[in-house]
Structures are given as C-alpha cells and as structure tokens.
Amino acid sequence: MFKQLRVLFRQVMHEGTDGGAVDTPSMHLAMASLLCEVSNADHSVDPREEQAKAHLLMMLLDIDENDATELLKEATAKSKASVSLYEFTTKLRELAPEQRYSLIEAMWEVAYADGVIDPLEEAVIRQVAELIYIDHSLFIKAKLAAQPPQ
C-alpha cells in the first residue's frame, strides 16, 4: 500500500517513475510539446504541420482524435511557456530506445509536413536527439525514413 501511495505521490509531483511505474500523462505531454516545438521553430503556423502533429500523436500514443486535440492544446501552451527543451527531454530518457527513435522520426515528419525543412526545425530535432541519447546515425536514419517520396 505504501508503495502505491509513493508512486501516486511521485506522479502528482511529476517526478517520473518508481519501481517501473511510468508517469504516462507527463510523458505524453512531453512528446506532444516536442512536436509543437518543431512546428513552431520556424515561427509560422502551417495547417499541414498541425494536422501531422495530431495524426502522429494518435499513432505514437494510441489515442483517439479528441484526446490528441486536447493534448495538443495543453502541449502548445506548455511549449510557449517553456524556456528550454530540457524540461521535456528529461522525462523521455526513460523510454525504450525504439520509442525515442519513433519520437525523433515523428518530429522529422512534422518538419517535413509543410514541404520545407527550416534550419531551426532541424536544430530543434538535433538537440532533442542529443538530449534523449539518440545516436547520430539513428538521427539520420529517422530523417531519411520520414522524408516524403519524391
């Protein structure tokens, strides 16, 4: 019982995990916020990027469209209020390597959604990849995998 209370307390305090329990809502918000960081990096709002973010969240997190929309509203506000990417990436280091790779690939897909990779978008993705311990070779692999067919 005390272990369950400790896990609940840590989740409330946003300290992450204990004994394998993952603070899923916090992780989901961090992932959505990073997708927002990429789409906002070039200081322009593109409907294709907005649609890509919602679609990718539904795929990554296995949630429905309404949940994705609500999560993006919260993530957009959190992203605008943030001062660095570190607050989002510290939580995500606990993810499995495949999940971290999928996040980087999703970030590339958001960047490609408007047809133009802005250098600022690439810089955000590169920084996130480094902060969540993605090797450069996997960073490039994700970029190539997300690239739309020509």
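A residue counts as buried here when its relative accessible area is under 20%. With that in mind, take a look at helix α2: 13 of its 17 residues are buried, so by that cut-off the helix is mostly covered. One thing to keep in mind while you read is that this is a predicted model.

## Starting with α2

Helix α2 runs over residues 24-40. You can check its length for yourself: 17 residues at 1.5 Å a residue should span 24 Å, and the C-alpha atoms at its ends are 24 Å apart, which agrees.

## Two loop residues with an unusual phi

Follow the chain out of α2 and you come to a loop, with α3 (47-61) on its other side. His43 is found in that loop. His43 is not a glycine, yet its phi is positive, at about 60°. That's worth a second look because most residues other than glycine have a negative phi. Is His43 buried or exposed? With a relative accessibility of 72%, His43 counts as exposed.

Asp62 tells a similar story. You'll find Asp62 in the loop between α3 and α4 (65-81). Asp62 has a positive phi of about 55°, again without being a glycine. Its relative accessibility is 71%, so Asp62 counts as exposed.

## A covered lysine and its salt bridge

Now step back into helix α3, where Lys53 sits. Lys53 has a relative accessible area of 2%, so it is buried. What is Lys53 in contact with, leaving aside its neighbours within four places in sequence? The answer is Leu35, Cys36, Ser39, Leu72 and Val110.

Lys53 also has a charged partner. Its side chain meets that of Glu50 in a salt bridge, 3.1 Å from N to O. Both residues belong to α3 and lie 3 residues apart, about one turn of the helix. Glu50 is partly exposed, with a relative accessible area of 30%, whereas Lys53 is buried.

In general, side chains of opposite charge can pair when their charged atoms come close. The count for this model comes to 5 salt bridges, and the table sets out some of them.

| Salt bridge | N to O distance |
|---|---|
| Asp46 and Arg48 | 2.9 Å |
| Glu50 and Lys53 | 3.1 Å |
| Glu122 and Arg126 | 3.1 Å |

Asp46 is buried, with a relative accessible area of 14%, while its partner Arg48 is partly exposed at 45%. As for Glu122 and Arg126, they are 4 residues apart in helix α7 (residues 119-131), so about one helical turn separates them. Arg126 is partly exposed, with a relative accessible area of 32%. This pair isn't on its own, either: Glu122, Arg126 and Lys143 are linked in a network of salt bridges.

## The nonpolar core

Which residues touch the most other members of the largest nonpolar core? Among its 42 residues, those are Leu92, Ile104, Met107 and Trp108. Plenty of helices chip in: α2, α3, α4, α5 (86-92), α6, α7 and α8 (136-146) each supply at least two residues of this core.

Pick out Ile104 and see what surrounds it. Not counting residues up to four places away in sequence, Ile104 touches Ile125, Val128, Ala129, Ile132, Ile134 and Ala142.

## Along helix α6

Helix α6 covers residues 97-112, and Ala111 lies in it. Ala111 has a relative accessible area of 0%, so it is buried. Setting aside neighbours within four places in sequence, Ala111 is in contact with Val38, Glu49, Val116, Ile117, Glu121 and Ile125. Gln147 is 36 residues away from Ala111 along the chain, but their C-alpha atoms are separated by 9.5 Å.

α6 has some rings to look at too. The whole structure holds 2 aromatic pairs. One of them joins Trp108 and Tyr112 in a tilted arrangement, 6.1 Å centre to centre with 35° between the planes. The two residues are 4 residues apart in α6, so they are separated by about one helical turn. Trp108 and Tyr112 are both buried. Phe139 joins in as well: ring pairs link Trp108, Tyr112 and Phe139 into a cluster.

One last ring to find is Tyr101. Lys141 lies over its face, at 5.7 Å from the ring centre.

How values were computed: Residues are numbered from 1 along each chain as its sequence is written. This is a predicted model: local features need pLDDT of at least 70, side-chain atom pairs count only at pLDDT 80 or more; totals for chains, interfaces and linings use all residues. Side-chain values use heavy atoms; hydrogens and water are left out. Buried means under 20% relative accessible area, exposed over 50%, partly exposed in between (1.4 Å probe, protein chains only). The expected span of a helix is 1.5 Å times one less than its number of residues. Contact means heavy atoms within 4.5 Å. A salt bridge is a side-chain nitrogen of Lys or Arg within 4 Å of a carboxyl oxygen of Asp or Glu. A nonpolar core is a set of buried Ala, Val, Leu, Ile, Met, Phe, Trp, Tyr and Cys residues joined through side-chain atoms within 4.5 Å. Rings of Phe, Tyr and Trp (its six-membered ring) pair if their centres lie within 6.5 Å; planes under 30 degrees apart count as stacked, over 60 as edge-to-face and the rest as tilted. A charge sits over a ring if NZ of Lys or CZ of Arg is within 6 Å of the ring centre and within 35 degrees of the ring normal.
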